[in-house]
Amino acid sequence: MRTYVRVGDRPGVYFFSLDAGSRLAVWGARTFFRLPYHHAEMDVRVEGEWVRYRSRRRASDREASAGFRARYRPTGPAFAAVPGTLEHFLTERYCLFTVLRSRRVLRVDIDHAPWPLQPAQAEIETNTMAAASGIALPDRPPLLHFARRVDVVNGLPVRAG
């Protein structure tokens, strides 16, 4: 779960929550990057042209349970998002922000090739991710894009602003 923010002149993303199947990855992201990662049981399977995805975060004393279960697939050719379009605004972000308990904002710079976006279709069975963060989703179909893997390199957290 993320939103789009600007700190000073830098556009980026702020995460309400992130889930990972590795307890080590969760620990590392929480410890070194102050990101709100949660451990979840996750499974991804390719079935023909479809990708079946399942994630289930178990409730604990500190966090609400959350789940996502869907299958999705690309439905058209890949394209690069054009600057000024909604697709570019949503995907071409090269930093993330996190906030410490002291309310100091940190920035993590990110480097990656542009996402090779494709229009997509999804059949969503379960999505309680937003509700677990206290966010109500609008009652309308989601905007969907599919992207093949892109390698991402991130820097270390630095003070933002």
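Start at Gly8. This residue sits in the hairpin of strands S1 and S2, which has two residues between the strands, and Gly8 takes a positive phi near 65°. Keep in mind that you are looking at a predicted model.

**The hairpin strands**

Select residues 2-7 for S1. Add residues 10-15 for S2. S1 and S2 are antiparallel and share six bridges. Pick out Arg6, then find its bridge partner in S2, Pro11.

Now stay on S2 and add residues 95-99, strand S8. Here the pairing is parallel, over two bridges. Which residue of S8 is the bridge partner of Val13? Select Leu96.

**Leu96 and the core**

Keep Leu96 selected and show what surrounds it. Beyond its neighbours within four places in sequence, Leu96 is in contact with Val13, Phe15, Leu35, Leu106, Arg107, Val108 and Ile110.

Next, show the largest nonpolar core. Its nine residues are Val13, Phe15, Leu18, Ala29, Phe33, Leu35, Leu96, Val108 and Ile110. Which elements each supply at least two residues of this core? Colour strand S2, helix H1 (23-33) and strand S9 (105-112).

**Helix H1**

Go to Ser22. Ser22 caps the N-terminal end of H1, with a side-chain oxygen 3.3 Å from the backbone nitrogen of Leu24.

Select Val26, Gly28, Ala29 and Phe33, the buried residues of H1. Turn the view to look down the helix axis. These buried residues fall within an arc of 165°, so they line one face of H1. What do they pack against? Show strand S3 (18-20), strand S4 (37-39), S8, S9 and strand S12 (152-154).

Now look at the face of H1 turned away from the buried side. There you find the exposed residues Arg23 and Leu24. Then move past the end of the helix. Arg34 follows H1 and has a positive phi, near 55°.

**The five-stranded sheet**

Last stop: an open sheet. Its five strands come in the order S5-S6-S7-S10-S11, with antiparallel pairing. Which strands stand at the edges? Select S5 (41-47) and S11 (145-147). Each has a single partner strand, so one side of each is left without a neighbour in the sheet. Tilt the view to see the twist: neighbouring strands are turned by 30° against each other on average, direction ignored.

Finish where S5 meets S6, residues 50-57. Seven bridges join this antiparallel pair. Select Glu47, and then Trp50, its bridge partner in S6.

Conventions:
Residues numbered from 1 in each chain as written. Predicted model: local features only at pLDDT ≥ 70, side-chain atom pairs only at ≥ 80, totals over all residues. Heavy atoms only, no water. Core = buried A, V, L, I, M, F, W, Y, C linked by side-chain atoms within 4.5 Å. Buried < 20%, exposed > 50% of the residue type's maximum accessible area, 1.4 Å probe, protein only. Helix = DSSP H or I, 4+ residues; strand = E, 2+ residues; numbered from the N terminus. Contact = heavy atoms within 4.5 Å. Pairing = 2+ DSSP bridges. Axes fitted to C-alpha atoms, helices over the stretch in contact; angles between N-to-C directions. Arc of directions from axis to C-beta. Polar contact = N/O pair within 3.5 Å; in protein donor to acceptor, adjacent residues only side chain to side chain.
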